[in-house]
Structure formats: C-alpha cells, structure tokens
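The following exercises concern how two parts of a chain meet; please work through each task before reading its solution.

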Amino acid sequence: MRYFLKRLGFLIFSIWAAMTLNFILPRMMPGNPALILFGRFQGKLPPQALKSMELEFGFSHAPMIIQYFQYLGNMVTGNWGISYTYFPLHVTSLIAQYLPWTIGAVGIATVFSAVIGTFLGIWIAWRRNGIMDRVLPIVTMFMQSIPYNWSSFVLLYIFGFSLSWLPMYHSYSANTTIGFNGPFISSVISHGILPVVTIFISGVSGWIIGMRSNMINTLGEDYVTFAEAKGVSPRRLIFSYAARNAMLPQITSIAIVLGSVVGGSILMEQVFSYQGIGFLLNNATSSEDYPLVQGIFLIIAIVTLVLNFVIDMLYSRLDPRVRTGGAN
Amino acid sequence: MSQTPVLELENLSVAYDTPKGPVRAVNHVNMKIYPEEIVGLVGESGSGKSTLAYAIMRLLKGSAFVQEGTIKVLGQDMYKMSPTELRAFRWAKISMVFQSAMSALNPVMTVEQQIIDTLTSHRKGITPPQARARAEELLDLVRIDRKYLKNYPHQLSGGMRQRVVIAIAIALEPAFVIMDEPTTALDVVVQRSILDQIQEIQRHIKFSVLFISHDFSLVAELAQRVAIMYAGRFVEVTPSQRLQEAGHHHPYTEGLLRAIPRLTADEVTIEGIPGNPPDLVTLPSGCAFHPRCPVATEECKIALPPIYDTPNGLIECHRFAGEKVVQHV
C-alpha cells in the first residue's frame, strides 16, 4: 500500500511537470495563436475580430502566474483549446476522435507482437536447438530488418492492389454508418489487417529474441533445476518457475512500447492514410497547429505516465522483491 | 551388510564435452551406500564432487554426460527410466539439497507454494488443506516459524532458506538424500545449528546421506565413512574414526588432515597442500596426485595405483603395495 501511494504521488507529480512544460514552451515562442490565425486571413478581418479570437482561444494578457493557474484549471477541466486547422473544433474532441483508431490498430498490433513473441520465445527456448529455434529468430529478424515503409508497400501492392483482397487506405469504408453494426465492424477489421500485420512483423522479432535469451538464462538457474528435480510437471516448470521469472524484463519493455503506442505510428498512419493520432500529429505539425500539437504531446505524456504506473503496479504483483525494495 | 544398498555406483565416469574432446570430471568411481548410512565426500573445488551429485540425480546439464558405468538407486537404474518414471521416482526415493540455498528457491513464489508444489507433483490425491498441513509440519521439522510460509525467499535469511531447501528435500521422506555443501555459504553458528538439525532429522526419518563438502572436520564428525576425491577419482574411502591414524592414509588425505587448523595447539599452524588441483584436460600420468605428493616415487609417475584394502580403508596409492588389492570399493 505504501508502495502504491508512493508511485501514485510520483505519477501526479510527473503529470503536473508535463503540463507545466507544455505551458512554458509555447509562451517562449513569439506571437500567439490568434495572431497566426488572424494572419491567415491576410487583413480581411477587422481588429475587433483579433480580440474576439484571442478570447476564444483563451489567450489573455494577464500576468504569467494567473495565466498559469488558468491554464492548469483548463487542463484539469478538459478545456485544451481550439485547433487552428480544424477550427472551430476543440483539441480534446479531435484527440477523442482520432485516438481510439490508433489505440485500436497500433495497440492491438503491439500487444499481439509482445504476447505472441513472448510465447514463441518461451517455446523455442524450451525446445532449444529444435527446428523452430533455428528458423524463427532468423526469419523474424529478417522481416524486422526490412524498412517498415517498404514492407507495408509490398503488402499493399500484393493484397491491396494486385489481389484486391484488402482496402488500401483509411480506417473504415466511407459508405458504412459508424456504429455497432456488422458492415462497419467488418470494414474496420478489413481496413485494420494490413496496418496491424505490418506493425506486428516489424516488432515481433525483438520479443521472440529477448524472451528466448531471458528464458535460456532462467532455465540455467538453480531454482529451475531444483524444481525439475523435485518433480514439478514440465508445464508448471516452464511457466511458473522459468517463464514467470524470465518475463520480468519483458514487462518493462512492454511499458516502454505501450507508451509509444499513443504517439501512434506516424509512418504506418501516413502510408495507410489511417486516421489515427500519428496522422493527426503529422497534419498538426505541418500546419503549425500549436494547440493541437500541444494537446497531442500532453496526451502522449499522460498516457505514457499512467501506463508506467499501471505496469509498475503489475510488476510489483509479479515480482515480490520490488514491493519491499530488498533483494539478494 | 547384506541389505540392498540405497546407492550403487559402478565404474562411473562422467565427462564434459569440450572442443578438445571429452574431459572426465568423474573417473571410474565405485561406491555403495547402505540404508541409514552417512557417507562423506571430500575434495577440493573442481575435484568432481558436484558433478558426481548431479550425475546421480540425473540432472547433468549442458555438455556433461555419463560416459561409462551405472548408477543404481535402491537397485534401480535411473538412466533406464522414462521421463515420467523418473519424475515419479526422483525426490520420492532420492532427493538433493542444493549447494546454493540462495538460488535454489524460486524468487517469485512463496515458500509454502514451493513446498506444496513438491507434494502435489508426487501425491495426486492430496487436498490443498492436507498439503498445507504437511508444509507446516515440515517447517516445524526444520525449526522455522510457520508464519514464514507466506513469505518469499528474499524475505528469509540464508540459514532459513537453506532450511526450507532441506524441508523440500525431505518432504517425501526419501530413502537417500544428497547434500551438496549444504552449509558452505553460511556462517559458522548457522552452519552448526543446521548440521545438528540434519543429524536430528536423519535419526528421525532414517534416510542415507551422501554429504559433500570441502570441510574435512565437518564431514569427519558427521559421516561414518568418508570418500576422498581427487581429480575425479576416489583416492581413499575410509571409516571416519580411522582418520586420526596419521601416516596410514593416502598422502592427499594426510595433506587435507594437516590443513585443518588445530585450535587447541599452542600455536595455530595450518599447512596447505603445495601446488594446485590438476587441470582435468591434461591430467598427470600415473597417479594424478604425484606432482604434489611429498612421497611420490618414479612408479607413481608411470602407473596408476590399484586400490589397496588397508586396515585404514581402501586407498589408491603405491605406498601400500603389499596390501590386498581389490577391484571395487
């Protein structure tokens, strides 16, 4: 419990630090959002409009410290500002609209490659020097070494263009109605297959190889030999004694990788025109949409921190030594 | 002794595969251990003690393999069993206390779970409450408070962990327990209490023990017979009460005896054995001990001595030429 509170305190502190950074950075830049938008209209707007836009964007000339607390209040209440490029849409509603797609596609692909890779790693380490142990690491390593954009183009060419089995872009077909209905769901799935597969094959090798070497180290530990000697069934030996310990470093990697999921896979979303957060971030950056960029960065920071917190908690469940802080 | 031995080693050789060819860590070893007997096994680091223990348990890992000879436990050849038979036989009849209590327990599992795993793996019908009751009983036996059942290994001291390992080793009341340096990593006080406990439990459950150690005085006190291992061979097997007869042993044994500090003497002198244990890859010709032996003759460099049956035990040394030669220990 003390551990939990300690980590929770750290989580809140880090989120506060991320918000503060997010407040300071844009205010060190010249101009303000309203001026930029005003400039876009090239003098076709009356000066009063600038004033009203400043108000709309929540920009004030109040002292920094007051602005800061207003800002913090806005952050907490979910008022993250208005996007310029998607004016007058709110940043939060844009993120809410794009983020699920990314979490769906990139998240599923990442979780799949981590889970499947880990299990394959356990398996080939157990059947060490078997056929799969010789083939799998090399084949997956080869696939991982192919540049991501190239492999996605090849898959798009084969399955999208030549065979026309799968759609080539977007995350769902425009002629379906969004909602919980058969055509929409199947459209989402068929649109998702290629992005998920490309991310999967570009990442799975690391999980296999990592788990394999952890597992081989653990299988050499005395407690595994001791458990084998005392007659524990092979299944329990592999999972409860060997893999349970070998998995711990993988959990840490999962925390790191899941954090980056929210950032989206900019390349994947660009190649497949997939409406995810990476796609949105790319658009926002190229059109200098600061509120949106800020909002996305902030959500990345928060999700990463929260995920780290969750993984920390999970890790302390899995490794009792972490909880008490003492180990030898 | 007409009983069936609990352990019977016949001409056993264990080797490690290396790029230079197989290297023998255990070299033509013969041994019989009878019910309720405690046999000590002494030797320097690298003399093959642990390799022998793992070979008996059929737990050899990596490139190690049994090159020659047979191992019989209670008359049964463990190397002829199927994996399922082996899993049922091992630990029920023969168990082992590992050298490193620190690492013999799974760090992510409670002490209780690790004891219960042992029980449920062998007794299919055992209910969870029965298993828990037995785990408590075992902790009582090794004198650890029952409250530690819910603890993880890292929360226990080294001595307690070793006791848990002993509790797991005797959980199924085996006929034979190998103890591979069970007290090496512990301080002297804990060492003493664990040894007393081992003796007490042994009298209670009546299993035979092969007690491996490099601490001669400890083994001499605990065991009825002591085997001395040098470069993979048993150079001497002797009743422990005969160990005090200086001058009538293998020169290596005498070297080891002299290396025991005599705290009762006015001046504490410790004599070591000059030189280092031989490299198993390039073993000296003849008797492997001859380069370090104070009484070595030309013959020792040429011929491997036979085993002589002397009044002080079975000794593999040319010094005892004239005594009866035997084939088996």
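**Exercise 1.** Decide which side chains meet in a salt bridge, and determine how many such bridges the rule finds across the interface of domain 1 of chain A and domain 2 of chain A.

**Solution.** In this predicted model, the side chains to examine are those of A:R7 and A:D312, whose N to O distance is 2.6 Å. The criterion asks for a nitrogen of Lys or Arg within 4 Å of a carboxyl oxygen of Asp or Glu, and the pair A:R7 and A:D312 is a salt bridge. With the domain assignment placing domain 1 at 2–77 and domain 2 at 91–324 of chain A, the search across their interface returns one salt bridge. For polar contacts, the corresponding search across this interface gives two residue pairs, both at pLDDT 80 or more.

**Exercise 2.** Work out which helices supply the side of domain 1 of chain A that touches domain 2 of chain A, and how its residues divide by character.

**Solution.** Helix 1 (2–27) and helix 2 (33–40) of chain A each supply at least two residues of that side. The largest share, 11 residues, comes from helix 1 of chain A. By character, the residues of this side of domain 1 divide into 11 nonpolar, two polar and two charged.

**Exercise 3.** Describe the area buried between domain 1 of chain A and domain 2 of chain A, and state which three residues of domain 1 supply the most of its part.

**Solution.** The buried area is about 1400 Å², and carbon and sulfur atoms give 75% of this area. On the side of domain 1, A:Y3, A:L11 and A:N22 supply 37% of the area that this domain buries against domain 2, which is more than any other three residues.

Note on methods. Residues are numbered from 1 along each chain as its sequence is written. Chains are lettered from A and ligands numbered from 1 in the order in which they are written. This is a predicted model: local features need pLDDT of at least 70, side-chain atom pairs count only at pLDDT 80 or more; totals for chains, interfaces and linings use all residues. Side-chain values use heavy atoms; hydrogens and water are left out. Domain bounds come from an automatic or database domain assignment. Buried area is the accessible area (1.4 Å probe) that two parts lose on being put together, summed over both. A polar contact is a pair of N or O atoms within 3.5 Å; within protein, one must be able to donate a hydrogen and the other to accept it, and residues adjacent in sequence count only if both atoms are side-chain atoms. Helices (H or I, at least four residues) and strands (E, at least two) are DSSP runs, numbered from the N terminus. Ala, Val, Leu, Ile, Met, Phe, Trp, Tyr, Cys and Pro count as nonpolar, Asp, Glu, Lys and Arg as charged, and the others, Gly among them, as polar.
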